Amino acid sequence: MDSWIVVTTARQIDGELVLVKLEKGFTSEQKANELMHQLQKNYMNHEGPKEIFITTEYGSVSCYCVASVMNVMIDLGDK
């Protein structure tokens, strides 16, 4: 079964830290794209990417974020 997962990737601006968050999974590609576009609006402004602060075990980290959709095949087993 085809599924789509919305993923947010955050890259530390002044460092090497990369954070990945699986936001939500869908059986509809259209619904996944709608969420991705909604999230992407939070990560961008008219000048480009916004600086987003994320709290981690290392403290507050300033990042640039991007949302994307990944297609995943789910094996439901033999029924």
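In what order do the four strands of the open sheet stand, and is their pairing parallel or antiparallel? In this predicted model, the order is β2-β1-β6-β5, and the pairing is antiparallel. The edges of the sheet are formed by β2 (18-26) and β5, each of which pairs on one side only. From one strand to the next, the twist averages 45°.

A step back to the whole chain helps to place this sheet. The secondary structure consists of one helix and six strands, and from the N terminus on the elements follow the pattern β-β-α-β-β-β-β. The C-alpha atoms occupy a box of roughly 50 × 30 × 15 Å along the principal axes. The radius of gyration of the chain is 15 Å, whereas a compact globule of 79 residues would have a value near 12 Å. Of these 79 residues, 28% count as buried. The accessible surface amounts to about 5900 Å², and carbon and sulfur atoms contribute 52% of that area. Among contacts with a separation of 6 or more, 55% join residues that are 24 or more positions apart.

Within the sheet, strand β1 (residues 2-12) and strand β6 (residues 59-73) are joined by 11 bridges in the antiparallel sense. Aspartate 2 can be found opposite methionine 73, a residue of β6. On the β5 side, β6 takes part in another antiparallel pairing, this one over five bridges. Here threonine 55 has serine 60 of β6 as its bridge partner. The two strands β5 and β6 make up a hairpin, with two residues between them.

The helix can be placed against this sheet as well. Helix α1 (residues 29-43) lies across β1, β2, β5 and β6, and the helix runs at about 165° to β6.

A closer look at one residue of the edge strand β5 ties several of these elements together. Isoleucine 52 belongs to β5, which covers residues 52-56. Its relative accessible area is 18%, so isoleucine 52 counts as buried, the limit being under 20%. Beyond its neighbours within four places in sequence, isoleucine 52 touches Asn42, Tyr43, Val61, Ser62, Cys63 and Cys65. Two of these partners, Asn42 and Tyr43, lie within the residue range of helix α1 (residues 29-43), while Val61, Ser62, Cys63 and Cys65 fall within that of β6 (residues 59-73). The far end of β6 is another matter: the C-alpha atoms of isoleucine 52 and methionine 73 are 32 Å apart, with 21 residues separating the two along the chain.

Two of the residues in contact with isoleucine 52 are cysteines, Cys63 and Cys65. How many disulfides does the structure hold? The number is zero. For cysteine 63, the nearest cysteine sulfur is that of cysteine 65, at 5.7 Å, and cysteine 63 is in no disulfide. Cysteine 65 is likewise in no disulfide, its nearest cysteine sulfur being that of cysteine 63. A disulfide would require the two sulfur atoms to be within 2.5 Å. Are these cysteines buried or exposed? Cysteine 63 has a relative accessibility of 1% and therefore counts as buried. Cysteine 65 is also buried, with a relative accessible area of 7%.

Key
Residues are numbered from 1 along each chain as its sequence is written. This is a predicted model: local features need pLDDT of at least 70, side-chain atom pairs count only at pLDDT 80 or more; totals for chains, interfaces and linings use all residues. Side-chain values use heavy atoms; hydrogens and water are left out. Buried means under 20% relative accessible area, exposed over 50%, partly exposed in between (1.4 Å probe, protein chains only). Contact means heavy atoms within 4.5 Å. Two strands pair if DSSP finds at least two bridges between them. Axes are lines fitted to C-alpha atoms, for helices over the stretch in contact, and angles run from 0 to 180 degrees between N-to-C directions. The radius of gyration is taken over C-alpha atoms; the globule rule is 2.2 Å times the number of residues to the power 0.38. Accessible areas come from the Shrake-Rupley method with a 1.4 Å probe; for residues, only the protein chains shown count as cover.
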